[in-house]
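Dear colleague,

I am passing on the structure below, and after it you will find my notes on what turned up when I went through it. Please read them with the structure open beside you.

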Amino acid sequence: MVARPGPSSQRTVSSSNQGQALGPIVDRMTALSGAAVGQLLAGIGFDLAEVGPIFEEYAETNRVSDRVRFEPGDFFTQALPRVDVITMGHILHDWDLKNKKMLVSKARAPEFKAWMNA
Ligand SMILES: C[S@@+](CC[C@H](N)C(=O)[O-])C[C@H]1O[C@@H](n2cnc3c(N)ncnc32)[C@H](O)[C@@H]1O
């Protein structure tokens, strides 16, 4: 991950998980809650609008609502949120080769510093 420029005490590394559902961003933030680096991270869960309430409840339960937020969207028709690091967990396997390539090319656009696929 690459931090945005700025005083080290104010750096924020933002990460967005595409097709968020319940888990990844909230779980990573929860795991890092006790670490100093955890306080420097901010995350976005990007998923279809109907997932929003579930995401927000899960973030609240895990006490990371101050560091994650939900952004409704459709990765077929919209740009991905502007962040430092894009993650995709269990997304590509759902789609055919043409759509896989489209999603990977969106995630590897120059404005993102890193892309992680799991
Ligand atoms: C298999 S789940 C993976 C969830 C999560 N990334 C994980 O690793 O547990 C696929 C996710 O993609 C989301 N999804 C499906 N179509 C989408 C679209 N067009 N735009 C954004 N998210 C989408 C679904 O709502 C679902 O949350």
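Helix α2 is followed by Arg63, whose phi is positive, near 60°, and this in a residue other than glycine. Please keep in mind throughout that this is a predicted model. Arg63 lies in the loop that leads from α2 to β3, and Arg63 counts as exposed because 12 other C-beta atoms lie within 10 Å. A second residue of this kind is His90, a residue other than glycine whose phi is also positive, near 55°. His90 is found in the loop between β4 and α3, and, with 12 C-beta neighbours inside 10 Å, His90 is likewise exposed.

As for the helix that comes before Arg63, α2 covers residues 52-61, and Phe55, Tyr58 and Ala59 are buried in it. Seen down the axis of α2, these buried residues fall within an arc of 100°, so they line one face of the helix. The general background is that an α-helix has 3.6 residues a turn, so residues three or four places apart point the same way. On the other side of α2 the exposed residues are Pro53, Glu57, Glu60 and Thr61.

Which residues does Val26 touch, once its neighbours within four places in sequence are left aside? Val26 is in contact with Tyr58, Ala59, Asn62, Val64 and Val68, and two of these, Tyr58 and Ala59, are among the buried residues of α2. Val26 itself lies in helix α1, which spans residues 24-31, and Val26 counts as buried because it has 27 C-beta neighbours inside 10 Å. The C-alpha atoms of Val26 and Thr61 are separated by 9.9 Å, although the two residues stand 35 apart along the chain.

Phe70, whose place is in strand β3, gives a further view of the surroundings of α2. With its neighbours within four places in sequence set aside, Phe70 is in contact with Gly45, Gly52, Phe55 and Glu56, and Phe55 is one of the buried residues of α2. Phe70 is counted as buried, since it has 22 C-beta neighbours inside 10 Å. Between the C-alpha atoms of Phe70 and Phe46, which are 24 residues apart along the chain, the separation is 6.1 Å.

This brings me to the pairing of the strands. Strand β2 (residues 41-47) and strand β3 (residues 68-72) run parallel and are joined by five bridges, with Ile44 standing opposite Arg69 in β3. Together, β2, α2 and β3 make a right-handed β-α-β unit. Strand β4 (residues 85-88) and strand β5 (residues 114-117) also pair in the parallel sense, over four bridges, and the bridge partner of Ile86 in β5 is Trp115. From β4 the chain crosses through helix α3 (residues 97-107) to β5, and this β-α-β crossover is right-handed too.

Taken as a whole, the protein has three helices and five strands, which follow the pattern β-α-β-α-β-β-α-β when read along the sequence. Of the 118 residues in the protein, 26% are buried. Among the contacts between residues at least 6 apart in sequence, 74% join residues at least 24 apart.

Finally, a word on confidence, which you may wish to have at hand when you look at individual regions. The protein averages a pLDDT of 78, and 76% of the residues score at least 70. Among the elements of the protein, α3 has the highest mean pLDDT, 94, whereas strand β1 (residues 13-18) has the lowest, 57. Over residues 1-11 the pLDDT is below 50, and this stretch has 14 contacts in the model beyond near neighbours in sequence.

With best wishes

How values were computed
Residues numbered from 1 in each chain as written. Predicted model: local features only at pLDDT ≥ 70, side-chain atom pairs only at ≥ 80, totals over all residues. Buried ≥ 20, exposed ≤ 12 C-beta atoms within 10 Å, placed from the backbone. Helix = DSSP H or I, 4+ residues; strand = E, 2+ residues; numbered from the N terminus. Arc of directions from axis to C-beta. Pairing = 2+ DSSP bridges. Right-handed = clockwise from strand over helix to strand, strands pointing away. pLDDT = per-residue confidence, 0-100. Contact = placed C-beta atoms within 7 Å.
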